[in-house]
Number of protein chains: 4
Amino acid sequence: MRVNAPAAAGEPSATGGQSVANAARRAQIIESAIECIAELGYARASFAQIAQRAGISSTRLISYHFEGKEDLIRAVVHEALRAAAAYMHPLLQAQTSPSAMLATYITSNLDFIRTHPAHIRAVLEIAANTRPEPGVSAVEPDSASPVALLEQLFRQGQEVGEFRAFDPRVMALTLRAAIDAAVGELTARPDLDLDAYARELVALFDRATRKEPT
Amino acid sequence: MRVNAPAAAGEPSATGGQSVANAARRAQIIESAIECIAELGYARASFAQIAQRAGISSTRLISYHFEGKEDLIRAVVHEALRAAAAYMHPLLQAQTSPSAMLATYITSNLDFIRTHPAHIRAVLEIAANTRPEPGVSAVEPDSASPVALLEQLFRQGQEVGEFRAFDPRVMALTLRAAIDAAVGELTARPDLDLDAYARELVALFDRATRKEPT
Amino acid sequence: MRVNAPAAAGEPSATGGQSVANAARRAQIIESAIECIAELGYARASFAQIAQRAGISSTRLISYHFEGKEDLIRAVVHEALRAAAAYMHPLLQAQTSPSAMLATYITSNLDFIRTHPAHIRAVLEIAANTRPEPGVSAVEPDSASPVALLEQLFRQGQEVGEFRAFDPRVMALTLRAAIDAAVGELTARPDLDLDAYARELVALFDRATRKEPT
Amino acid sequence: MRVNAPAAAGEPSATGGQSVANAARRAQIIESAIECIAELGYARASFAQIAQRAGISSTRLISYHFEGKEDLIRAVVHEALRAAAAYMHPLLQAQTSPSAMLATYITSNLDFIRTHPAHIRAVLEIAANTRPEPGVSAVEPDSASPVALLEQLFRQGQEVGEFRAFDPRVMALTLRAAIDAAVGELTARPDLDLDAYARELVALFDRATRKEPT
DNA sequence: GATGAATGAGCGTTCATTCAT
DNA sequence: TATGAATGAACGCTCATTCAT
C-alpha cells in the first residue's frame, strides 16, 4: 500500500513533461489564481474561488494539476517573475553602464507594474503571507531573486567606479521595497502617475548611489 | 435612551472606561496576539492560538473583552504604533533641523525594531493582510499615519531650504518601505547588524534628500 | 458543599416574597423580554439582547432575578396571559348568554391584540418554540389554559341549548387558532382592519356553533 | 461569462441538474432534516444532529450538498409541500363542487397528517421560526401558498352561489389555522381520533360557509 | 484527462450560566 | 441588591485534500 508517495499515480507532477493540454490547463489555473490573489488577497484566494473564476466545475482539477496549494503558489510566483523578467531583461541588456541600468530597472519595473498590476500584487501578497522556512526564501531559489540581482548590479557599479561605497544589500533591499511600495500606492490611488513616480525614484536612487563629483 | 448599541450587554466595549482588571486582561490578550501574529503570521493567529499562548482557558474570553477579531486587530495596531511613537517621539522632538530629524527617525526606528521586533512584525503582517476598503487605510485614521507624518517632515525640510525639490509622498513611502524591509531582513537573518543598517539608510536618505552644495 | 440547590443563596427565587425593588426589576426585565421576543423572535431573544434593551449592564442581573431562561420565559407567558385576562374578563363577565360571551371573547381578544401586539406575539413565539414535555403544556398549568376555558364556554352553551352538538375541544382549538392566525396576519399586514376581522370571525363561529332554528 | 455565481465551485448547487447520486444524498439529508426538526424542534435541529441521524460522518456533507442552512430549510419546506400536494391534489380534482372540495380538503389534509406527521410538524416549526421579511413569506412564493389556494376555492364557491358572503382570506386563514391546530393536538395526544376530528372540522366549516337555505 | 463525492479540522461567534465579590 | 469576569459547549461555515471512478 502506497503511503508516502508524493504524487498520485496518473497525475502530472509539477516537474517533468506535461502534455500540451496539461500545460494549457495549468496556465489557465495559474492565471485565475493570480487574479484571485490580487483581487481578494492571499487569505481569500481559496481553491473554490480560483476554480470558480477559471470556469472549472470542481476544485479537484486544481489538485489534479498541482501537488497542492503550495505547488500552485510556487507556480504563480514563478510565472509572475518570469513575465517581469521577460519584459525587463531586454531593456536592461541594452544599457551600457550600471547607472543607466539602475534607471532602466526602475522605469521598466514601474512600466511592468502598470501593465501587469495583478501579477505584481499577487507576488506581493504571497511574499507577505508565506512564512519563510528557516534559511529559505519561499519566493525564490535565492540566487536568482530580484534582490540578489540588484545587489549584483550595485556591486558592479561600485567596481567600475560609478557608484559610491555603500552596502549593496541594503541598497538592493531598499530599492525593491521602494518599487513594491509604489504598487501599494497604485492600489490605493488608481489614478497615480506612475511615470512621475518613476522619475522621482530614479532621481532618488541616482543621488543615493552616485559617487559625488570631485 | 440607547437603542442600537453595537456591543452586547454585559461585555466591556472597546471604548469607554474599563475597570483595572479589565484593562489588564485586555493588555494581556493584546500582547499574546502580537506574539502570535509576529510568530505564526496573520493567517494562523487564530483566537485559539492567542488564547493558548495567553494561558486562557477558552477563546470566549477574547470575544468577551473584544467585540470581534477586527476589534482585537485594531487594538494590536494601536498598541504597536503607540509604543513606537512613545519611544521615538521624545528623540525626534529633541532635534532642531529636518535633516537631523530624518536621521533620528531612521536610527530610533531601527532601535525600536531591535527592542520590539514582534510589535513591528505584527503591524506589518496586519497591514499586508488587511484589504484597504476604498479610500480608507485599515491601519490608521490616515492623517496620523506614519507615512503622513514623514511627508510633513519632508515638506518642512523643503520649506526651510534644507531639502531639495522632490515629491514628499514618494520619499515618505520609500523611507517607510526601506525601514520595513529592514524588519524582513532581520527576520531572515537574526544576526543582522541593525546599527550598521541604520547608518547605511541615514547616508542613503541624506543624499537622496539634501540640497546639493552650490 | 451545595450541589443540587435549586437557587443560589442570596438570590430571590421565582416563587416567594420578593421585595418591591425586586419586583420592579423583574417587571422591567419581563417587559424587555416581551419586546425582544416579539421583535426578534424566540431564537434571537438572548439574555444579551434582553439586558441591552432593558438598559442593564450585565446579563448577570437576569440570572439573578430568574432561576434561568426557562423561569424567565414562564414569567413572560404568565404576565401576558394575566394582562389578557385582566382586559377580557370583565367584559366576558358582563355577558349573560354563551353566544354573547363567544362574540365578546372574539371581539375583546382582537381588541387586546390591537393594543398589546407584543404580548401576543411573544406568547405565540414561545408556544411555537417550546417543546411540550410529555403530558405537560409548557405554556400553562393546563386547567386554566385559554383553550380549556373556551372548551368550558362551549359546553355551557350546549347545556343551555344555545349551541348545537359538536366536540367542544375541537371548536375551542379552532377558535384559538383562528384568533392566533389573526396575529400573524396583522404582523404581515400592519394596516389590517381588526374590527372587520373580528366581525368576520364572530359571524363564522356564530354559524359554526349555533343550533339551527327549527 | 459567469462572474458572480453565488455557489462555490466544485459543489452542486441547489438548482440545476444534479447527478443521481447527488439527488439521492440530498433526499436523504432532507429526510433526516425533516425528522430532526419535527422531533427536536427548529432550534435544536442543527447540522450536527441532522448529520448524525442521517448516518453521515461530518456536517461538511450537508454544506456540500446545500448552499447553507437556509437552502436546506427551503428544500425541506418544498419537499413537504410537494408531498402534501401530491397526495391531496388528485382527490381535490375529483370533486365537482366547492363545498365538496372543501370537505375533501379537510379530510385529505388530516389523512396526510396521519401518514406524514413529521412533514407537517417540520413545516409548522419552520413557519413559526422564520421571520417573514417584510412582504415576503419565507415559506412559499406566495401565490401558490396553501392559504392563497384556499382563498381561491372560497371565492369560487361564492361565485357559484354555494357559499355565503364572507371574507375569503379570513376564512382561508382560519381553516389553515384550524388544520394546523390539529397537528399540535395530535402531537400532544398521539391517540387522537383524526377521523372524528376531520368530521368535526367539516361540519364546522360547512356551516360557517354555506349559504343558508331560504 | 477529468470529475463528483466525501472528509476532518479548524474558523470566529454566540449561548446560558457560574464564580467571586 | 447588584456586578464584572470568566467559562465550555455548540453553532454554521470554509478549508485543502483524498477516494473512487
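Trainee: In chain A, what percentage of the contacts with a separation of 6 or more comes from residues 24 or more positions apart?

Mentor: This is a predicted model, in which local features need pLDDT of at least 70, side-chain atom pairs count only at pLDDT 80 or more, and totals for chains, interfaces and linings use all residues; side-chain values rest on heavy atoms, without hydrogens and water. Residues are numbered from 1 along each chain as its sequence is written, while chains are lettered from A and ligands numbered from 1 in the order in which they are written. A contact means heavy atoms within 4.5 Å. Among the contacts of chain A with a separation of 6 or more, the share from residues 24 or more positions apart is 64%.

Trainee: How many helices and how many strands make up the secondary structure of chain A?

Mentor: Helices (H or I, at least four residues) and strands (E, at least two) are DSSP runs, numbered from the N terminus. From the N terminus on, the elements of chain A read α-α-α-α-α-α-α-α-α. The count for chain A is therefore nine helices and zero strands.

Trainee: What percentage of the residues of chain A counts as buried?

Mentor: A residue is buried at under 20% relative accessible area, exposed at over 50% and partly exposed in between, with a 1.4 Å probe and protein chains only. Chain A has 214 residues, and the part of them that counts as buried is 43%.

Trainee: Which three residues supply 25% of the area that chain B buries against chain A?

Mentor: Buried area is the accessible area (1.4 Å probe) that two parts lose on being put together, summed over both. Between chain B and chain A this area is about 2800 Å², and carbon and sulfur atoms give 53% of it. The contact draws on 33 residues from chain B and 32 residues from chain A. On the side of chain B, 25% of the buried area, more than any other three residues give, comes from B:R131, B:L204 and B:R207.

Trainee: Which residues come nearest to DNA strand E?

Mentor: A residue is near a strand if one of its heavy atoms lies within 4 Å of it. Of the atoms of DNA strand E that come within 4 Å of the protein, sugar and phosphate account for 56%. There are 33 residues around DNA strand E, and those that come nearest are B:R60, B:K69, C:K69, D:S19 and D:N22.

Trainee: Which atom of DNA strand E is 2.6 Å from an N or O atom in the side chain of C:R60?

Mentor: A polar contact is a pair of N or O atoms within 3.5 Å; within protein, one must be able to donate a hydrogen and the other to accept it, and residues adjacent in sequence count only if both atoms are side-chain atoms. A polar side-chain atom of A:S57 is 2.8 Å from a phosphate oxygen of DNA strand E, and the side chain of B:S46 has an N or O atom 2.5 Å from a phosphate oxygen. For C:R60, the partner at 2.6 Å is a base nitrogen.

Trainee: At DNA strand F, which base atom does a polar side-chain atom of B:R60 lie 3.4 Å from?

Mentor: Some partners of DNA strand F are phosphate oxygens: one lies 3.2 Å from a side-chain N or O atom of A:S46, and one lies 3.0 Å from a backbone N or O atom of A:F47. For B:R60, the atom at 3.4 Å is a base oxygen.

Trainee: Is D:I34 buried or exposed?

Mentor: D:I34 is part of helix α1 of chain D. Apart from neighbours within four places in sequence, D:I34 is in contact with D:V76, D:E79, D:A118, D:H119 and D:A122. Because its relative accessibility is 0%, D:I34 counts as buried.

Trainee: How far apart are the end C-alpha atoms of helix α8 of chain D?

Mentor: The expected span of a helix is 1.5 Å times one less than its number of residues. Helix α8 of chain D (residues 168-188) has 21 residues and should therefore span 30 Å. The computed distance between its end C-alpha atoms agrees: 30 Å.

Trainee: Which residue caps the N-terminal end of α8(D)?

Mentor: Of the 21 residues of α8(D), 17 are buried. D:E185 lies in this helix and, at 5% relative accessibility, counts as buried. At the N-terminal end, a side-chain oxygen lies 2.9 Å from the backbone nitrogen of D:R169, and the capping residue that carries this oxygen is D:D167.
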